[in-house]
Amino acid sequence: MGCTAADAPTRLPTLEAGQVTPYPDRASDAKADSFALYGQATWTPAILDDALHLTGGARYTRDKKSGDLFKVNGVDKDFRFDISSSRVDPTVTLAFDATDNIHLYGKWGTAYRAGGANSRSVTYRAYKPEEVETSEIGFKGEFLDHHVRLNLAAYKTIYKNQQIDFNAVLSEVPGGPTRTTIETVNVDGHGTIKGVEADLVVMPVEGLTLTAAYAYTKGDLAQAANPFAGNALQTVFVVYTPKNAFSGAIDYSLPLDWATLRAHVDANGGDGYHSQSSDAALTDSSFLVNARLSLADITLKGDAKLQISAWSRNLFNEQHTFFQTGSSSLQLGIFNEPRTYGLEATVRF
């Protein structure tokens with residue numbers, strides 16, 4: 001939460017926007033105490049050959065937070081917050097074993113994220129807890145003598161008092177000019193996030209494993225009051241969550257007379273996403289491939305085993321932004337790492 005000091009810092013003169021501030025630029029002190037108690041029980045009635053399972057649980061949580069923000073832009077301040085909250089969150093799961101290899105389930109539950117204050121705020125104002133209600137249905141199955149595994153799920157999450165960050169890189173705000181300021185506010189109204197997920201594992205022959213995953217996510221959030229624009233309502237977004245995301249991998253293992261050959265290739269990618277909740281800018285879409293080829297279990301003296309590997313991350317040197325903000329006239333983006341590769345030798349005793 002920033003820097004702390006044993007003694008209160010000497011008051012410094014007010015600084016103009018863009019002027020370099022003395023060290024430390026910002027200093028705060030915060031304390032958080034959280035207590036939770038959780039329990040659950042499962043009931044399996046005798047009907048349907050014990051194939052039905054009802055699980056219920058609840059979590060009691062109590063949070064208390066307080067803090068002081070005593071320097072902003074190198075100038076002494078005296079901002080404090082002190083909040084506490086407690087609640088009980090229930091959860092219910094109904095599961096059905098259709099066969100030994102096919103399982104269905106439905107789940108409902110609530111949760112919450114404690115409130116607090118952002119140490120990069122210029123006023124250290126507190127924000128309220130965030131409440132969440134989630135419903136989910138799913139399918140888990142194994143086929144072809146356990147050579148194929150398929151998991152499917154669909155869910156919907158409803159948010160209340162969602163916590164959203166607004167950023168001001170350099171601007172005049174209440175309290176004076178500031179840099180890299182973040183204000184966390186609660187969204188009035190409800191927001192929803194819903195989606196589907198699928199995971200597939202196939203083992204067609206001995207030593208070969210193929211995996212694939214896909215996720216579709218759609219978020220509809222209520223507008224939030226932007227503290228850097230006179231509390232005007234502004235559209236906000238789900239962050240770091242592409243609408244479509246996918247991954248896959250190929251793993252192969254072949255025993256040799258003197259070693260084990262292991263090969264691994266994985267790929268993942270997705271649509272562009274919002275990297276800031278208050279910014280409409282989207283990052284680039286992405287597609288990354290990684291690979292590793294190893295000779296393992298090479299016997300040395302005694303019980304020692306040698307493994308030699310060649311690897312590459314971002315094999316095709318794909319380039320995309322994973323953080324992006326700004327308008328059409330001024331864009332700030334941070335790019336992913338370029339292709340890296342290397343050799344490794346590992347000895348295990």
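Trainee: What is the relative accessibility of Glu344?

Mentor: The model is predicted, and the value is computed from it. A residue is buried under 20% and exposed over 50%, with partly exposed in between. Glu344 counts as partly exposed because its relative accessibility is 34%.

Trainee: Which three residues are joined into one network by salt bridges that share partners?

Mentor: A network of this kind arises where salt bridges have partners in common. The residues that such bridges join here are Arg87, Asp89 and Glu131.

Trainee: How many residues apart in sequence are the parts that Arg292 and Glu344 tie together?

Mentor: The side chains of Arg292 and Glu344 meet in a salt bridge, with N and O 3.2 Å apart. Arg292 belongs to strand β17, while Glu344 belongs to strand β21 (residues 340-348). The pair therefore ties together parts of the chain whose separation in sequence, in residues, is 52.

Trainee: Which strand holds Asp297, and which holds Arg262?

Mentor: A salt bridge also forms between the side chains of Asp297 and Arg262, at 3.4 Å from N to O. The two parts that this pair ties together are 35 residues apart in sequence, because Asp297 and Arg262 lie, respectively, in β17 (residues 286-299) and β16 (residues 260-270).

Trainee: What relative accessibility does Arg262 have?

Mentor: Its partner Asp297 is partly exposed, with a relative accessible area of 33%. Arg262 also counts as partly exposed, since its relative accessibility is 35%.

Trainee: How far apart are the closest N and O atoms of Arg113 and Glu130?

Mentor: Side chains of opposite charge can pair when their charged atoms come close. The cut-off for a salt bridge is 4 Å between nitrogen and carboxyl oxygen. Arg113 and Glu130 form such a bridge, and their closest N and O atoms are separated by 3.2 Å.

Trainee: Which strands does the pair of Arg113 and Glu130 link?

Mentor: Arg113 and Glu130 are 17 residues apart, and their pair links distant parts of the chain. The strands that hold Arg113 and Glu130 are, in that order, β4 and β7.

Trainee: Is Glu130 buried or exposed?

Mentor: Its partner Arg113 has a relative accessible area of 45% and is partly exposed. For Glu130 the relative accessibility is 5%. The cut-off to apply is 20%, so Glu130 counts as buried.

Trainee: How many salt bridges does a search of the whole structure find?

Mentor: The bridges discussed above include those of Arg113 with Glu130 and Arg292 with Glu344. Over the whole structure, the number of salt bridges found is 10.

Trainee: Which geometry do the rings of Phe35 and Tyr60 adopt?

Mentor: The structure holds 5 aromatic pairs. In one of them, the ring centres of Phe35 and Tyr60 lie 6.4 Å apart. Planes over 60 degrees apart meet the relevant cut-off; those of Phe35 and Tyr60 are at 65°, so the pair is edge-to-face.

Trainee: How many residues apart in sequence are the parts that Phe35 and Tyr60 tie together?

Mentor: Phe35 counts as partly exposed at 40% relative accessibility, and Tyr60 is partly exposed at 29%. Phe35 lies in strand β1 (residues 26-43) and Tyr60 in strand β2 (residues 52-72). The separation in sequence of the parts they tie together is therefore, in residues, 25.

Trainee: What accessible area does the nonpolar patch of Trp43, Leu54, Val92, Leu94 and Trp108 have together?

Mentor: Among the members of this surface patch is Trp108, which is placed in strand β4 (residues 102-113). Trp108 is partly exposed, with a relative accessible area of 33%. Together, the five residues have an accessible area of about 480 Å².

Trainee: What is the phi of Asp145, which is not a glycine?

Mentor: Most residues other than glycine have a negative phi. Asp145, which lies in the loop between β7 (130-143) and β8 (148-160), has a positive one. Asp145 is exposed, with a relative accessible area of 65%. Its phi is about 55°.

Trainee: Where is Tyr240 placed?

Mentor: Tyr240 also has a positive phi, near 50°. Tyr240 is partly exposed, with a relative accessible area of 46%. Its place is in the loop between β14 (232-234) and β15 (244-255).

Terms used
Residues are numbered from 1 along each chain as its sequence is written. This is a predicted model: local features need pLDDT of at least 70, side-chain atom pairs count only at pLDDT 80 or more; totals for chains, interfaces and linings use all residues. Side-chain values use heavy atoms; hydrogens and water are left out. Patches are made of residues with over 30% relative accessible area and no salt bridge: like charges are joined within 9 Å, nonpolar side chains (Val, Leu, Ile, Met, Phe, Trp, Tyr) within 5 Å. Accessible areas come from the Shrake-Rupley method with a 1.4 Å probe; for residues, only the protein chains shown count as cover. Helices (H or I, at least four residues) and strands (E, at least two) are DSSP runs, numbered from the N terminus. Buried means under 20% relative accessible area, exposed over 50%, partly exposed in between (1.4 Å probe, protein chains only). Rings of Phe, Tyr and Trp (its six-membered ring) pair if their centres lie within 6.5 Å; planes under 30 degrees apart count as stacked, over 60 as edge-to-face and the rest as tilted.
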